Amino acid sequence: MITDKFRSQLRREAEVWRTEGLINDSQHEQLAQRYQFNAIDTSSRNLFVMVLIGLGSILIGLGIITFVAANWQDLSKIAKILLLLSLFVSVNTTGFYIWRKSHDSNQRLGTGLLLLGALILGANMALMGQIYQVNNPFYELMLAWGIGVLAMAYSLRLTSLSLLSILLIWIGQWGFAIDSLFNNSWLYQQLSWSSLLGEHMPILACVMFIPLAYLCKSRWVFAFSAIAIISALISNHYFYAYGIGRLFNLSNLQISGWAIALLFTLPPILLWSYDDFRENRAISKSFKAISQNLALIYLAGIFYSFSFYSLWNNWSRESSETDLEKVSLFPLINLLILIVIGVWQWLRLANRISRHRPMQSQDLTTIVIGLLIVIPVSISSWHTYVAPIPEFATFAFNALLFILSIGLMREGLTHGQRRAFWFGLLLLVLRILNWFFLANTGLFFKSLVFVLCGVGVIAIGLWFEKYVRTFGNTNN
C-alpha cells in the first residue's frame with residue numbers, strides 16, 4: 001500500500017529531478033497522475049479533520065463516562081445494560097465503517113476505533129459481572145475477554161486485535177496456572193470451562209493462534225503465538241509430569257526429573273523443527289526463521305538458568321507427597337499430541353538432511369541444535385536418577401552456553417547478521433560478568449574486569465561493523 005508520506009516525498013523529489021533535468025515535463029506529469037500528487041493536500045486536510053473529530057470524540061466520550069459514573073448507582077440494571085451495549089455497538093460500527101471505506105491515514109482511525117471497541121468489550125464484561133454480582137476469578141475474565149477479541153480478530157484479520165487477543169489469553173493462562181499452583185487445584189479433576197481451557201491451552205493455542213498469523217500475514221502475530229504456546233506448555237509441564245507419575249507410579253523425585261526433561265526438550269524441539277509446509281515458501285521461510293530464533297533464545301535462557309552451581313547443589317530430593325490417584329490423566333493427550341508433532345517434524349528434518357549430498361550448513365546447524373537438546377536431558381537425568389553430579393552439571397551447562405554463544409557469533413560473521421553476532425556476544429559477556437559477581441574477589445579486580453569487558457565489547461563491535469560493511473560490499 002502506497003502511503004501519503006511516500007507520495008509527498010516522491011512529489012518533492014520529482015520537482016528536484018525536473019529542475020535538474022533528470023526528467024522532463026511529460027515524465028513529471030505521468031508521475032503526478034500515477035501517484036495522484038494533487039490528492040495529497042486533500043488527504044492531509046482529511047487527516048487533520050479526522051484527527052479533530054477523533055479528539056473531539058474522545059473528549060465527548062470522557063464527558064459521557066464521567067456523567068455515567070456520577071449517576072451509575074441511580075441507573076436501573078436495564079439502563080446500565082443498554083448503555084453498555086449501545087456504547088460497544090456504536091464504537092465498533094463507526095470503526096468498522098471508517099476502516100472499510102477509508103484508505104491510508106483514515107483507515108488507521110478506523111483501526112483505532114476497532115481496538116477501542118475491543119477494550120470496551122472487556123470493560124462491559126467486568127461491569128456486567130459487577131451488575132449481576134458474579135464473583136469469578138480474574139483470569140476467567142481475561143480468558144473470556146481474549147476469546148471475544150479473538151473472534152473479532154478472525155473476522156477482521158487485523159494485527160492489532162490479534163496481538164491483543166493473544167496477550168489477554170496469555171495473561172488468563174498464567175493467572176489460571178498461578179491460582180491453581182497456590183490452591184493445588186490443578187492436580188485434581190475439575191470440570192469448568194476455564195479449567196478445561198487452561199489445562200488444554202498448549203493445543204488450543206496452536207489451533208487458535210497459528211492460523212490467525214497466516215490470515216493476518218503478520219510475523220508479529222506468529223511470534224506472539226509461538227511465545228504463547230510455549231508459555232502455556234511451560235506453565236503446565238508439572239501437571240503433565242504428575243500425570244506421567246500416576247501412569248508409572250513414580251516418586252516425587254522421579255516426577256521432578258520428568259518435569260525438567262519436558263522443560264529441556266519439548267519447547268526447543270517444536271520451535272526449531274517448525275515448518276508450515278505451504279507452497280508459498282516466502283511465508284514459510286520467514287515464519288520458520290522466527291521460530292528457530294525463538295528456539296535459540298529459549299536454549300540460551302535454559303543454559304544460563306542452569307549454569308549456576310547452587311541450583312544443582314540444592315536440587316531437592318524431599319517434597320510433600322501428592323495423592324496421584326486424584327490427578328487427572330485427560331490433559332496428557334496434549335503432551336502426546338505435541339510429542340507426536342515434534343517427532344514427526346524432526347523425522348522430516350532427518351529425511352531432508354539424508355537427501356542432501358554434500359551436507360549443507362543449515363543441516364549441520366540442525367544436528368548441533370539436536371545435540372544441544374539431548375545433552376542437557378542426559379545430564380539432568382543422570383543427576384536425578386543415578387547420582388548427583390552438581391560440579392559436572394554446572395561445568396556442562398556453562399560449556400553449552402559457551403558453545404551456543406560462539407556458534408551465534410560465527411553465524412553472524414559468516415552471513416553478516418548483526419543480531420546473531422551481538423546476541424552471542426551478549427551471552428558470553430553476561431556469563432563472564434556473573435562468574436566475577438559470584439567469585440570471592442576484591443572490588444579492584446572486579447572493576448578491572450568490567451573495564452576490560454567494556455573495552456573488549458567496543459573493540460569487537462567496531463571491528464564487526466567494519467567487517468559487515470566490507471561483507472556487504474563484497475556481496476554487492
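What is the mean pLDDT of the protein chain, and what share of its residues reach 70 or more? The structure is a predicted model. Its mean pLDDT is 77, and 75% of the residues reach 70 or more. One stretch falls well outside that group: over residues 279-285, pLDDT stays under 50. For this stretch the model has 7 contacts beyond four places in sequence. Where pLDDT is low, the predicted coordinates should not be read in detail.

The nonpolar interior was examined next. The largest nonpolar core holds 73 residues. Within this core, Phe303 and Leu404 touch the most other members. Helix H13, spanning residues 281-305, gives the most to the core, with 10 residues. Beyond its neighbours within four places in sequence, Phe303 is in contact with Leu372 and Pro376. The contacts of Phe303 also include Phe397, Leu400, Leu401 and Leu404. A second core is separate and has 17 residues. Among them are Ala241, Ile255, Leu270 and Leu332.

Helix H9 covers residues 201-216, 16 residues in total. From its first C-alpha to its last, H9 reaches 22 Å. This is close to the 22 Å expected at 1.5 Å a residue. Buried positions occur along H9, from Met201, Pro202, Ile203 and Ala205 through Met208, Phe209 and Ile210 to Leu212, Ala213, Tyr214 and Cys216. Lys217 follows H9 and has a positive phi, near 55°.

Helix H2 (residues 25-35) was considered by face. Its buried residues are His28, Ala32 and Tyr35. Seen down the helix axis, the buried residues of H2 fall within an arc of 90°, so they line one face of the helix. Gln30, Gln33 and Arg34 are exposed on the other side of H2. After H2 comes Gln36, whose phi is positive, near 55°.

A polar residue in helix H5 was also inspected. Asn124 is found in this helix, which runs over residues 104-131. Is Asn124 buried or exposed? Its relative accessible area is 6%, so Asn124 is buried. Not counting residues up to four places away in sequence, Asn124 touches Leu84, Leu85 and Phe88.

Methods. Residues are numbered from 1 along each chain as its sequence is written. This is a predicted model: local features need pLDDT of at least 70, side-chain atom pairs count only at pLDDT 80 or more; totals for chains, interfaces and linings use all residues. Side-chain values use heavy atoms; hydrogens and water are left out. A nonpolar core is a set of buried Ala, Val, Leu, Ile, Met, Phe, Trp, Tyr and Cys residues joined through side-chain atoms within 4.5 Å. Buried means under 20% relative accessible area, exposed over 50%, partly exposed in between (1.4 Å probe, protein chains only). Helices (H or I, at least four residues) and strands (E, at least two) are DSSP runs, numbered from the N terminus. Contact means heavy atoms within 4.5 Å. The expected span of a helix is 1.5 Å times one less than its number of residues. pLDDT is the predictor's confidence in each residue, from 0 to 100. The arc is that of the directions from the helix axis to the C-beta atoms.
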